[in-house]
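Please take me through this model stop by stop, saying what to select in the viewer and what is found there.

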Amino acid sequence: MASSNAPSNVLSQLWRNKESRGVIIQIFTMVIVFGLLAVIARNVVINLEAVGKEFSFDFLFWPAGYDIGFSPFIEYTNKSTHFMSGVVGLLNTLLIAFWGCILATILGFVIGIMRLSSNWLVSRVSYVFVEFVRNVPVLIHILAIYAIVVTILPSTKQAISLGGDLFFLSNRGFYIPAPIFESGAGWVGIVLLISIGLVIAFKRRAKRIQDNTGRIYPVFWISLAILTVLPSLALVAMDTPISWDIPALKGFNFQGGMAVKPEFIALWLGLSYYTAAFIAEIVRAGILAVSHGQTEAAHALGVRPNRTLQLIIIPQALRIIVPPLCSQYLNLTKNSSLAIAIGYMDITATLGGISLMQTGKEMETMLIVMGIYLIISLLISSFMNWFNSRIKLTER
Amino acid sequence: MKQKTTAVLSAAALVLGVAGTTQAGTLEDVQSQGVLRCVVSTGIAGFAQPDASGVWKGFDIDFCRATAAAVLGDANKIEAVTSTGKTRFTKLNAGEGDVLWRNTTITFSRDVGVKLRFHGVNYYDGQGFMVKKSLGVNSASELDGASVCIQTGTTTELNLADYFSANGMKYEPVTIETNDEARQNYESGRCDVYTTDASGLASTRSALPNPDDHMVLPEIISKEPLGPATRHGDDQWSDIVTWVLNATITAEELGVTMGNVDQMRSSNNPEVLRLLGVDGSQGQELGLSNDWAYQIIKQVGNYGEIFERNIGVDTPLGIARGLNALWTEGGLMYSPPFR
C-alpha cells in the first residue's frame, strides 16, 4: 500500500517545499518558452516552403544593382554586392550613432546644468526646451528639421556663400573644403601624434604634481599651445604640404570639397536634441542627488564654484548619471533606424530596405539587421558598464 | 512609421501565421469574407487614391473592383490594403491581401525569386524623367551630375543605376519611400529630377501647383509592364485574375461597354454571348457564376472605359493610349480569345 502511494507523495512533498517548487515552476516556464520558440521556427520553415522560398544567405553575394547616395567611408557602386551595401549601411548607422551620442551628451549636460541655474530666465528656457522636445515623437522632430533644411535653405544656384566662397550652404547640403594631402603631409601627421602624446604625458605629470604639492598648472592652455604650435611649425617647415579642394558649383551640383548632406544633418540634429532632453533630466537628477552639504563643505574650504562643480559635484553625480545615460545611448542608436523616413541610407534602409525588396528575402535580411542592432547595442552596453565600474564609488 | 510597422507585422505573420494562408482556396476565402482585399499603393493620382469622401478611386482600383464584381457579384465589396513599394510583396505573400493591383512591374526576379504569379499586363509603362523647365534640360543625356529623386524598393532604382553607368554619367540618388515625399523633395529643389514610371510622372505632374512649369523628358529608359500579381500555389485563383483582365480587354475589342452590355446579351456574335455567359459555361468552369464578365462590364466597364475614366486624355493626367491601345489600333493590348 505504502509503496504504491510513494511517487505521488514525493511529488506533493516536492510541491510543498518552497525551493523545489521554485525549480519545478522554472522548468515548466522553460519548457513553455522553448516550445513556443520551436513552434515559431517550425512555422517559419513551413510557411517559407509553402511559398516555395529557400532560407539562404547566398543573396548577400549577388550584385546589388542600386546606388547609394551617401557612402563617405568606402567605395560603393551598383556593381557591389548586397553584402557591401549592408556594410555601407552599417557604417552610416555607426556614423550617426557616434556623432549623435556625442552631441546629445554635450547638449544634455549643458541643458541639465542650465536647468539648475539660479538665473530664472536660463532655467525656464531649459525647462521649456526639455518639456517641448521630449513630449513630441522623435520622428516628427526629424521630419520637421528635414523639411526646414530642404525648404528654407536656398537651392544650389542661390547657395549661401560663407567665408569668401569657401563654404556653401544649400538645401543639398553644407559644402566645406576637403584637405588634399601631398608628400610631406605624413610628417605633419607624425608631429601631431607626438604633440598629442606630449599633452597626455604633461597632463599626468601635472596631476602628479598637484597630488603631491597641491600646485595647479593651467593644463588646458598649455595643452592647447602644444597642440597648435608644434604642428604649425611642422607645416611651415614642410612648406605646407596640405592643399584644399574647394567646392565649386559645376552643372547641377557643387563638385569637390566635402558635403554634409541634409539627410545627415536632419537625422543628427533631430536624434541629438531629442535624446539631449532626456539626458538633461538625468544630469539634473544626478546633480540634485548629491547632498547640498558637499557644496557647502567645498565652499567652506574656499573652493571656487566652478571647481566645486567640476571636482566634487560631477564626479559624484556621474555614478547616478551613467547607468541611465547608457540607456539613452542605446535609444539613440536604435532610433537612428528612423533614417529611412528621410532617405538617410542606414542599415535599415540599405540591407533591410532596398536589398530586401530586390531579393525578396524578408526573413534573412530582417534577421541580419536585428542581429547587427543587437551587437551594436551590446557593445555600447559593455563599454558603458566598463566606464561605470571605473567611476563607481571606490570603497576603502 | 506606418510602413515599417506593417513590414514588421507582415514578417510576424510569416512567423506566427498558420501554414495554410498560402495554399489553395483563395476563392472560397474571399467569398466567405464577402470582401476582396486588394494590395494597392498609398496614393498615386489616377491609379489609386481616396477621393474627398474617402472612397478609393483610380485605374488600379477599378481593376480591383472588376475582380470583386466577378468573384462576389458586387464591385463595391473591396478593401484597399495600402502598401509602399517596399511592403507590397510581403503583404501579399503573408496573406494580408488576396490580389495585388498596384503599378507593379513584371520582372524575372519578382516572378521567380519573390515567388509571385503574374497574370498579364494592364498597363505598358516605361521609366522616364521629369524636370523643371527652368533648368533648361531637354534630354536625359544632359543630366550628368544631377540629384535624382527616386522611390525606394522599385525597379526604377535599378534601371536608373544601369542607365547612368551605361552612359558614363554620375548622379546623386535621393532615395524616398513614397510618391508624396518624393514630390515634396522635387518641389523644394532637393533634387533636380524625379524619376519613376512615365504614368507615375504624369500623375505627379498633374498634382503639382503649376504643371506647366515641369516637363517629362523624351527618353524612356526601360520597359515597365505593369500587371496584377497573386501568390504561388492557387491555380484557380490565378486563372480568375488572368481572365478578369482579359475580359475587360476582350470587351473593348468586341465593343461591349457599360452602356450597351444589356443589349449585347442578345447579340449575334457567339464570342460576345460566351463572354457574357449567355451561352456556354465559362463562368462555372472558373468556379464563378456564369454572368461574371457581364457583372464586370456592367459595374466597372471595359478596358478602354477604365483607362479613359481614370488616366485618359480628358483627365488631369492626360495620358494617350499609346502602347496601351488595342492591338487592332496599333497598341499592345491583346487578349487570348474566349473560346
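Start in chain B with Val39(B) and Leu100(B): the latter, in β5(B), is the bridge partner of the former. Bear in mind throughout that this is a predicted model.

**Stop 1: around β1 of chain B**

Extend the selection to the strands that hold this pair. β1(B) and β5(B), the latter covering residues 99-100, run parallel and are joined by two bridges. Now add β4(B), residues 78-82, which pairs with β1(B) over five bridges, also in the parallel sense. Val39(B) takes part here too, standing opposite Val81(B) of β4(B).

Next, show the side chains of β1(B), residues 36-40. Five of its five residues are buried, so the strand is largely enclosed by the rest of the structure. In general, side chains of a regular strand alternate between the two faces of the sheet. In β1(B), Leu36(B), Cys38(B) and Val40(B) point one way, while Arg37(B) and Val39(B) point the other way. The buried set thus includes a arginine, Arg37(B).

**Stop 2: the two domains of chain B**

Colour chain B by domain. Domain 1 takes in 2-124 + 226-329, and domain 2 spans 127-222. Their C-alpha centres are 28 Å apart. Select the contact region between them: 19 residues of domain 1 of chain B meet 16 residues of domain 2 of chain B. On the domain 1 side, the residues divide into eight nonpolar, ten polar and one charged.

**Stop 3: the five-stranded sheet of chain B**

Select β8 to β12 of chain B. These strands form an open sheet in the order β10-β9-β11-β8-β12, with mixed pairing. At the edges are β10(B), residues 171-176, and β12(B), residues 214-216; each has a single partner strand, so one side of each is left without a neighbour in the sheet. From one strand to the next, the twist averages 30°.

For a closer view, pick β9(B), residues 146-151, together with β10(B): the two run parallel and are joined by six bridges. Within this pairing, Val148(B) stands opposite Pro173(B) in β10(B). Then add helix α8(B), residues 198-207, which packs on the sheet and touches β8(B), β11(B) and β12(B). The direction of α8(B) makes about 125° with that of β11(B).

**Stop 4: where the chains meet**

Show both chains and select the residues in contact between them: 39 from chain A and 41 from chain B. On chain A, the helices α2 (18-50), α5 (138-152), α11 (347-359) and α12 (362-391) each supply at least two residues of this side. α2(A) gives the most, with six residues. By class, the chain A side has 19 nonpolar, 15 polar and five charged residues.

**Stop 5: a sheet in chain A**

Hide chain B and select β1, β2, β3 and β8 of chain A. They form an open sheet in the order β1-β2-β3-β8 with antiparallel pairing. β1(A), residues 160-162, and β8(A), residues 258-260, are the edge strands, each pairing on one side only. Ignoring direction, neighbouring strands are turned by 20° against each other on average. Zoom in on β1(A) and β2(A), the latter residues 167-170: three bridges join these antiparallel strands. Ser161(A) stands opposite Phe168(A) in β2(A).

**Stop 6: confidence in chain A**

Finally, colour chain A by pLDDT. The average is 87, and 97% of the residues score at least 70. Among the elements of chain A, helix α1(A), residues 2-16, has the lowest mean pLDDT at 71, and helix α4(A), residues 120-134, the highest at 95.

Notes. Residues numbered from 1 in each chain as written. Chains lettered and ligands numbered in written order. Predicted model: local features only at pLDDT ≥ 70, side-chain atom pairs only at ≥ 80, totals over all residues. Domains from an automatic or database assignment. Contact = placed C-beta atoms within 7 Å. Nonpolar A, V, L, I, M, F, W, Y, C, P; charged D, E, K, R; others polar. Helix = DSSP H or I, 4+ residues; strand = E, 2+ residues; numbered from the N terminus. Pairing = 2+ DSSP bridges. Axes fitted to C-alpha atoms, helices over the stretch in contact; angles between N-to-C directions. Buried ≥ 20, exposed ≤ 12 C-beta atoms within 10 Å, placed from the backbone. pLDDT = per-residue confidence, 0-100.
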